[in-house]
Amino acid sequence: VVKGCTSLGPFAIFVAAVLAVPTSLSRKLLGIVGGFVALATVNLVRITSLLYLGSAFPSAVEAVHLLVWQSIMILLSVVLWLWWRSKWGRDVSA
């Protein structure tokens, strides 16, 4: 797997968003760990699907990899953050 094909880019977006929310450190850590697990799991699905797609339709791999899966991973990081923010991102000092 090429270095750029990991889930670290979308994870960095997610972590930056979580850290920007004014809430307790424990809630931030919970969000970061949960986000990592979710994004890493989806990344495994992504890599596996590209493997199977490449064996059946080699000409489609590049387009699906760059256009579909990268968009899904970034969108997923934003959606995960919005979900985390709605559940756990409340300021506990207010």
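T23 is buried in this predicted model, with a relative accessible area of 13%, a value that falls under the 20% limit for a buried residue. T23 is placed in the loop between α1 and α2, the latter spanning residues 25-56. The points below set out the surroundings of T23, the packing of α1 with α3, and the nonpolar core.

**Surroundings of T23**
- Leaving aside residues up to four places away in sequence, T23 touches K28, W84, W88, G89 and R90.
- One of these contacts, W84, is also among the α3 residues that meet α1, and W84 belongs to the largest nonpolar core as well.

**Packing of α1 with α3**
- The axes of helix α1 (residues 8-20) and helix α3 (residues 61-88) come within 8 Å and cross at roughly 25°; the two helices are therefore roughly parallel to each other, since angles under 35 degrees are counted in that way.
- In passing α3, α1 makes a right-handed crossing.
- From α1, the residues P10, I13, F14, A17 and V18 meet M73, I74, S77, L80, W81 and W84 of α3, and the residues of this contact divide into ten nonpolar, one polar and no charged.

**The largest nonpolar core**
- Ten residues make up the largest nonpolar core, namely F11, F14, V15, V18, V21, I32, L39, M73, L80 and W84.
- Two or more residues of this core are given by each of α1, α2 and α3, and the largest share, four residues, comes from α1.
- M73, a member of the core, touches S7, P10, L39, V42, N43 and R46 when residues up to four places away in sequence are not counted.

Conventions: Residues are numbered from 1 along each chain as its sequence is written. This is a predicted model: local features need pLDDT of at least 70, side-chain atom pairs count only at pLDDT 80 or more; totals for chains, interfaces and linings use all residues. Side-chain values use heavy atoms; hydrogens and water are left out. Axes are lines fitted to C-alpha atoms, for helices over the stretch in contact, and angles run from 0 to 180 degrees between N-to-C directions. Angles under 35 degrees count as roughly parallel, over 145 as roughly antiparallel, 65 to 115 as roughly perpendicular and the rest as oblique. A crossing is left-handed if the near helix is turned anticlockwise from the far one by less than a right angle, and right-handed if clockwise. Contact means heavy atoms within 4.5 Å. Ala, Val, Leu, Ile, Met, Phe, Trp, Tyr, Cys and Pro count as nonpolar, Asp, Glu, Lys and Arg as charged, and the others, Gly among them, as polar. Buried means under 20% relative accessible area, exposed over 50%, partly exposed in between (1.4 Å probe, protein chains only). A nonpolar core is a set of buried Ala, Val, Leu, Ile, Met, Phe, Trp, Tyr and Cys residues joined through side-chain atoms within 4.5 Å.
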